[in-house]
Amino acid sequence: MKLRKQVTVCGGAIFCVAVFSLYLMLDRVQHDPARRQNGGNFPRSQISVLQNRIEQLEQLLEENHQIISHIKDSVMELTDTGAVSPSGHLPFRSANGSWVLPFDGRPTFLAVKPQDCQSALGSHGQADVQMLDVYSILKFDNPDGGVWKQGFEITYEADEWDNEPLQVFVVPHSHNDPGWIKTFDKYFTDQTQHILNNIVVKLPEDPRRKFIWSEISFFAKWWETADTYKQEAMRKLILGGQLEIVTGGWVMTDEANVHYFAMIDQLIEGHQWLERNIGVTPRSGWAVDPFGHSATMSYLLKKANLTSMLIQRVHYSIKKHFASTRSLEFMWRQAWDTGSKTDIFCHMMPFYSYDVPHTCGPDPKICCQFDFKRLPGGRINCPWKVPPKPVVEANVAERANLLLDQYRKKSKLFRSKVLLVPLGDDFRYDKALEWDQQFNNYQKLFDYMNSHPELHVQAQFGTLTDYFSAVYKAKGVAQGSRPPDFPVLSGDFFAYADREDHYWTGYFTSRPFYKSLDRILESHLRGAEILYSLAVASARHVGMEGRYPISDYALLVDARQTIGLFQHHDAITGTAKENVVVDYGTRLLRSLIGLKRVIINAAHFLVMKNKDFYRFYQTEPFLETDDRRATQDSLPQRTLIELDSAGPRYLVLFNPIEQERLCVVTVLVNTVRVRVLTEDGQTLPVQLSAQWSSASQMSAEVFEATFMVRLPALGLAVFHLYDSADSPLTLRSDTLLRLSGRGTSARALDPLPVRSQQAEPQTFFISSQALTLGFSGTTGLLESIKRKDDPQEIKVQIQFMVYGTRPSKDKSGAYLFLPDGKAKPYNQKEPPVVRVVEGPLFSEVVAYYQHFQQTIRIHNVPGVDGLSIEITTAVDIRDQTNKELAMRLVTDIQSGDVFYTDLNGFQMQPRHHLMKLPLQANFYPMPSQAYIQDSNNRLTLHTAQALGVTSLESGQLEVIMDRRLMQDDNRGLGQGLKDNKKTTNRFRLLLERRSIGNTMMDSATTSFPSILSHMTNSFLNHEVLPLPVLPKRRGVPPLETFAPLKSILPCDFHLVNLRSIHSQKDPHSPSAYTALILHRLALDCGLEAHNLGFNCTTSQGQLSVSGLFRTLDLQLLQPMSLTLMHPSTPLTNDSSISLDPMEISAFKLKLR
């Protein structure tokens, strides 16, 4: 009866909505001045105006029809269970075994405008060089190239420079790793501080001397300890152009495993530091050491207003190909760019390394003789057995001509007569002697060359921007513009090999524990930034900034810098020494604890119903954290909420995503007598489950309570938990242990029932309202997926595989993946114990193996949370030797040799499995997702941590879960990977069907996720934080939900960050300004749309910022460059801002 009444009410609501919408449309068509203007553009007769209005009406009717049909679908979901509860109570189990839940009565709609879909991105800007094509045409052979081993012989004619002399810029540099063999602090003490001190002393000795510096993390540490005299001298050198800051990020970031949130954040951190302390804006990017290069980096540099960039570690076959076609300098364009506005000028270094032997020209034996730190008597020498000689009157002609020959040969690989010659290496120029050796000897060579006009050369020291400026000038174009004959390239530079078949694809997975911790920290930082900005603005709005702990800003700064440090290309990559890893881990944990404090303090203020009752005590927090970590390398322990009969415990849930969220939340409680109420007193259905300490052992003191919630976007919702005996809506999970007859039995603890049975080989199933999953009776692992609305069951089989390493001298290590052939199936003698848990809100299957345990879970709720499969794999391979554990998905999707992996969680990059390459070359980074597809289905594996991925056969996806390697791989680390931890790798698996008549519209070079896929990734990477209110002796003051958004954000907008900007006076306190960073997602609308559980509309990239935040006034809206260094004219506060698909934009706001 109840159900029938609900349906009638909803039906009536639909009718009213429809009639009202039509009325509004007619009204809009009549009264909308903008529309009238459009009509007025036709000076012909009134007929065209009328025709226009009819078309508008048709379009509005179509939009309305879409909305109505989605509401209808939502109502159908209410009723199509076709079951009537025997007792009239919900939830209950229907005849077919599925659970029927009380629907939360909020039909939602999906109205994505066709113009907002990726097909509407139009024709893509054509690149001359597409990296996928380069891969398909190259042989990837490795013939001996002579003195340039991986290249070819270079020749030139003596008169080539007669009309236009060769301009040579020698750029001294020192590559400083913020942690690798030594910790960040140890490097600073031992080497880096001396290098920076030398810059201040040695550069002013001769105005012709130049130098470049990259890592601001080190530079800022030096600045803090330097006296004002040194600071002033350094500032003068930078502003005078003798010292250039290149890139200017906190670190020289890895480009494979990092997420674009952190890439942007460390760039902002560096640039804001420079603006505050030096007053300089970087113009050129310098990335000589990341192990492969991502197109995301070139986009971010462009958005930060850099004009040029340089890269170095690229596959030797690609370097050779680019050198032979003189394409080493190109405009790097995003694959999805329809024009040329993402173009940035990029220089690729041609040879093996960035050290001196591989930078003056093709012959390292000669170039090494011009690294004057290697003069006889020093600590390092030339492996080619010919040492450098000091330059003196007697040998200067011979020396200069020998070096000039190398310069000329190198110059033949480029399209201009301007040459870049880096001069440096790791941690160089730390001794005054080296400054004299390099600068004095080179100055003699330059003086000789420049005083002999018949040589047709002009040589000098220069900065990176000096070089780029000279190229633009020689080509007659403006800074950053495309020289007329230079190629346009799109694509990326993974995977990297530096010699033979030594592919650097191991580091895509190395030390996955920290790759996972990094992402947890990033999600916390984003959440803390947003809540802090909103709390401080709210406190100012009500005149309470004096009572709010604004000093929490120092914790945000600490976390920004820690996360920034960890994006370094030897940190998140997992390629540092063990003690350095511990140092990074300790910093990460300290910052995580600080961020949790920021979140708790902001949440405390924001949920107070009456702010007059707000009291902040540093020693007495109002809320508890959701979990705790005992040490930097242990897994988190969730906080237990202790209920007692004395009264309710309050729970605040934080939803860090920018859309309303319908999902299940699980908390730990100390009793099975639990009742959960919403803020307005509505009882929620709760599923009670055991907390398992092993495959068959459950806790008697701790239980899991799972309930479905609807949370406001970026908001905080309050729930009440009671110890209550009579709650008809609290239901026990049904648990079955599938055993293999070997003595294990379930020790059931009343009151949670557990059954056990002999495992049988046939398939068994669990299901929800959206999905039915089949599992192997023998392995307990996933076999198939069937969607509710699809008669076809899809094979999706999970297998675990093991790679060994080669028997030869070159073995896998932290960087390299050198397997001993194809993977072998993982097997263990004992069959696994498999636990099957079923209930109204979730069902799961847990398979226990010796080296991993896998949980596959589905949520029985409408919307995003119920449409994908949650996969959690706890991996522990600490007793293995030279083994890598892989998870393989085997499906019947006809994907051929094409698969798709993301670059930095920002964009998708098509990949081709190439048989001509060794197995390890076909692995790619997967920071956030990978998918395979055919004309009917797409299967996406979303990930909460960066790991290496491949597709070795049609229909397969394979992920490396962890690697344990006993030896160094000869890339300078001097250690294997033996410090493995027990690690939890988290995924969501999403199976989507292509819409009828919608064959794949992906071009060969671009592909985009659906809106459902984007949201699934958000749910996985930004979990709800449950924050229990600590019991108070004086009782808890009234709390209320905090919902900061007044209007819904278009669902193709992602709020990257809402970051409080530091005050100019004190970098550890905030100013009145906040940076709003937005990313407009590009959507593939060719996959079937579902009810997402929230209202999803798009707006063709338009957003009104002034109408966004409830209770806050917008006092400034100013577009900025990505790192906030280049302001544009402020907009009027009621302006709409506009973003193109894929665009990331930053704005400076003043909220109060």
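In the predicted model, K1148 lies over the face of Y1073, at a distance of 4.7 Å from the ring centre. A comparable arrangement of charge and ring involves R857, whose charged end sits over the ring of F842, 3.7 Å from the centre of that ring.

Aromatic rings also pair with one another, and a search of the whole structure returns 59 aromatic pairs. One of them is formed by F219 and W222, a tilted pair in which the centres are 6.1 Å apart and the planes enclose an angle of 40°. Both residues belong to helix α6, which spans residues 216-225, and they are three residues apart, about one turn of the helix; F219 is buried, as is W222. The pair of Y299 and W336 has its ring centres 5.4 Å apart and its planes at 75°, and because planes over 60 degrees apart count as edge-to-face, this pair is assigned to that class. Y299 is located in helix α9 (residues 295-303), whereas W336 is located in the loop between β10 and β11 (344-348), so that the pair ties together parts separated by 37 residues in sequence. Both Y299 and W336 are buried. Ring pairs further link F211, F370, F372, Y429, W435, F439, Y442, F446 and F461 into a cluster.

In soluble globular proteins, nonpolar side chains tend to be buried together. In this model, the largest nonpolar core comprises 313 residues, and those with the most contacts inside it are F219, F322, Y407 and F493. When neighbours within four places in sequence are left aside, Y407 is in contact with L166, V168, V170, C360, L419, V421, Y442, F446 and M449. Apart from the largest core lies another core, of 22 residues, which includes L420, Y467, F468 and F486. Of the residues touching Y407, Y442 and F446 are also members of the ring cluster described above.

A polar residue, S327, was examined in its surroundings as well. S327 is placed in the loop between α10 (316-324) and β10 (329-332). With a relative accessible area of 7%, S327 falls under the 20% limit and is therefore classed as buried. The side chain of S327 is joined to that of T325 by a polar contact of 2.9 Å. Leaving aside neighbours within four places in sequence, S327 is in contact with F322, R415 and P487, and F322 is itself among the residues with the most contacts inside the largest nonpolar core.

Note on methods
Residues numbered from 1 in each chain as written. Predicted model: local features only at pLDDT ≥ 70, side-chain atom pairs only at ≥ 80, totals over all residues. Heavy atoms only, no water. Core = buried A, V, L, I, M, F, W, Y, C linked by side-chain atoms within 4.5 Å. Buried < 20%, exposed > 50% of the residue type's maximum accessible area, 1.4 Å probe, protein only. Contact = heavy atoms within 4.5 Å. Helix = DSSP H or I, 4+ residues; strand = E, 2+ residues; numbered from the N terminus. Polar contact = N/O pair within 3.5 Å; in protein donor to acceptor, adjacent residues only side chain to side chain. Phe/Tyr/Trp six-rings, centres within 6.5 Å; stacked < 30°, edge-to-face > 60°. Lys NZ or Arg CZ within 6 Å of the ring centre and 35° of its normal.
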